[in-house]
Structure formats: structure tokens, C-alpha cells
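Please look through the sequence and the model below before reading on. The report that follows takes up one part at a time.

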Amino acid sequence: MWDHHRRAVDRWVEHAQQIPDFLAVIVAGSLTKGYGLETSDVDGFIIVSEEEFARRKQTGELFFFNTDLCDYEGGYIDAKCVAPSFLEAVKERGSEPARSAFIGAEVPWSRISGLPELCLEILKYPEAGREYRMSRFVSQIKFAEFFAREAEKRGNPYLMNLAASKIVLFCGRLLLTHNRILYPYHKWLLRALADCPLKPEGIMELLDAFSRAPSAASASALAEVVLNYHPWPQAEFWPNQVIRDSEWNWLDHEAPIEDI
């Protein structure tokens, strides 16, 4: 984090301290993950009271955006407004992207006792269901490989691009899960994957080449490299798992398989 980011955080804290319903400021995002640039914005969370959170959900005021608190060109602060109960929910049952938002999180100011410790609790890797998640990702890789073949057969570039994105996503998710590394959502997927110690040799170069020029053959080649890397847990019949995860997940009110 550069000096101008620190100045912005200090001003953000001063601003938040003047508002009674603001309980804490958490700095997060690319700067705390170590991915930031000198021009990066300042991301994070504002913790508000339960009553204020309920009000904001009703009025659509869940996002804090401010340029006045930054003194560098193009700088701004953007933060999600959440309640303490939201943090507890993330700790108990949050998705991996929800948890990963707290990687490296800093608490420069808080009226809430134990908030830094809670942020660390959120980052504990969710072991429950890990083997099942891997079997679901394997099914999605096979499904996307099928899509790539269909796309090529039908001359459908949209379907090919979709298949390519899904293969890269679920190969990445499978390997991250193997390494017990939280999935940081799409923007930082490849960055997190590059940091994984356990992965096929040359996989980053293979993913990059495939993403730039996807085809049915390269989709199958990529899937083969990843699926043969480890004796992964697998669904008995992968189309059944795909139906449950991609078509019927709404029946159980579950998050899409891409976001779990």
C-alpha cells in the first residue's frame, strides 16, 4: 500500500467515526492481498449497525463510493456496507469468494470487540464438503469439454468462448481446492492459481494458450492434463451432477456452482 492509500484510509476512518451507525472500517481488496498497483482504488467494508443494515437493504444503500477522501489522480474508496451478523454468516457458511474478500484485511478502526480475530476466523479453509466440491468441479470440466466439441461442430463462437471460460474456471477451482486455497473470484483466479504449489507442470502456460485460442482439441488436451494429475473424487455419472449443479440448483436455493 502506497502513502497516498494510507492517507485515504486515514480520511476514511475520520469520516466513518463521525457517523454513529458506522461501527468499523475494514480495508480489503487488491491492496491488502498484495496485488495492488500505485493507481489502485481502496476497497473494503463499512460495518454498520443491524438496524442501519436493514434500512440500507430496503433503500439500496449497500455500496459506499467516495472520491473526495483520496488525494491522488483517479483515486476512490469503494466499500460494501454490512452488519456484524453478515460477518458471522460468512464465518459459518460463506462461499469461498466471500471468505477470500478478507485475505490480508486490515481493521484501522472499530467499535466492535474482536473484529480482527473474526476476520481471521473467516479465512479458515472450509474443509466440510471439500471432496464433494472437487467431484462437482470434475463434472463441470467434462461438461465444458463436451460444450467445446459441440461449439466446434456447430461453428458457434459464443458456445466455444463459454466452454473455454468454464474449463479454465473449473480446472482452476479444482486445483485451488486441492491446495486448500480460497477461490478469490474471477479477477484473481489465475493469480491465486500461479501461487499453488501443487499443480501440473506448465499448467499456467497451457491455460493462457488455451484461453487465447480455444478449440475442441485444446479443450480436451487441457482437461486431460488436469484430470490425470491426481486421482480426483468423481461423481458416479457426471451428467447427473451437472444437472443438479447447473440446471436444478434453484430447487435447493443453492448458489451457482461457479460461486460456491
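The paragraphs below describe a group of strands, a helix, some salt bridges and a surface patch.

This is a predicted model, in which local features need pLDDT of at least 70 and side-chain atom pairs count only at pLDDT 80 or more, while totals for chains, interfaces and linings use all residues. Residues are numbered from 1 along each chain as its sequence is written, and side-chain values use heavy atoms, with hydrogens and water left out.

**The strands**

Helices (H or I, at least four residues) and strands (E, at least two) are DSSP runs, numbered from the N terminus. Strand E2, which spans residues 42–48, is mostly covered, since seven of its seven residues are buried; here buried means under 20% relative accessible area, exposed means over 50%, and partly exposed lies in between, with a 1.4 Å probe and protein chains only. The side chains of E2 point in two directions, with Val42, Gly44, Ile46 and Val48 on one side and Asp43, Phe45 and Ile47 on the other, and all of them are buried.

Two strands pair if DSSP finds at least two bridges between them. E1 and E2 are joined by six bridges and run antiparallel, and within this pair Ile26 has Phe45 of E2 as its bridge partner. E2 is also joined to E4 by six bridges, but these two strands run parallel, and here Phe45 stands opposite Lys80 of E4. Phe45 therefore has a place in both descriptions, as the bridge partner of Ile26 and as the residue opposite Lys80.Strand E3 (residues 63–66) shows side chains that alternate: Phe64 and Asn66 point to one face and are buried, whereas Phe63 and Phe65 point to the other face and are not. Four bridges join E3 to E4, and the two run antiparallel, with Phe64 standing opposite Ala79 of E4.

What surrounds Ala79, leaving aside its neighbours within four places in sequence? Ala79 lies in strand E4 and counts as buried, because its relative accessibility is 0%. Its contacts (heavy atoms within 4.5 Å) are with Trp12, Gly44, Phe45, Ile46, Leu62, Phe63 and Phe64, once those sequence neighbours are left aside. Although Ala79 and Phe63 are 16 residues apart along the chain, their C-alpha atoms are separated by 5.9 Å.

**Helix H3**

Helix H3 covers residues 50–59, and in this helix Glu52, Phe53 and Arg56 are buried. They lie on the same side of H3, because they cover an arc of only 100° around the axis, where the arc is that of the directions from the helix axis to the C-beta atoms. On the other side of H3, Glu51, Lys57 and Gln58 are exposed. The buried residues of H3 pack against strand E1 (22–28), strand E2 (42–48) and strand E4 (77–82). After H3 comes Gly60, which has a positive phi near 75°.

**Salt bridges**

A salt bridge is a side-chain nitrogen of Lys or Arg within 4 Å of a carboxyl oxygen of Asp or Glu, and the structure holds 20 of them. The table lists some of these pairs, including the distance between the closest N and O atoms.

| Pair | Closest N and O atoms |
|---|---|
| Glu52 and Arg55 | 2.8 Å |
| Arg55 and Glu61 | 2.7 Å |
| Glu258 and Lys166 | 2.5 Å |

The pair formed by Glu258 and Lys166 ties together parts that are 92 residues apart in sequence, because Glu258 lies in the segment after H12 and Lys166 lies in helix H8 (residues 157–178). Both Glu258 and Lys166 are buried. Elsewhere, salt bridges that share partners join Glu52, Arg55, Arg56 and Glu61 into one network.

Within that network, Glu52 and Arg55 are three residues apart in helix H3, so they are separated by about one helical turn. Glu52 counts as buried, because its relative accessibility is 9%, while Arg55, at 35% relative accessibility, counts as partly exposed. Glu61, which has a salt bridge with Arg55, also counts as partly exposed, at 31% relative accessibility.

**A patch on the surface**

Which residues form a nonpolar patch on the surface? The patch consists of Trp248, Trp250 and Leu251, which together have about 390 Å² of accessible area. Patches are made of residues with over 30% relative accessible area and no salt bridge, with like charges joined within 9 Å and nonpolar side chains (Val, Leu, Ile, Met, Phe, Trp, Tyr) joined within 5 Å. Accessible areas come from the Shrake-Rupley method with a 1.4 Å probe, and for residues only the protein chains shown count as cover. Trp250 has its place in the segment after helix H12 (238–247), and Trp250 is exposed, because its relative accessible area is 56%.
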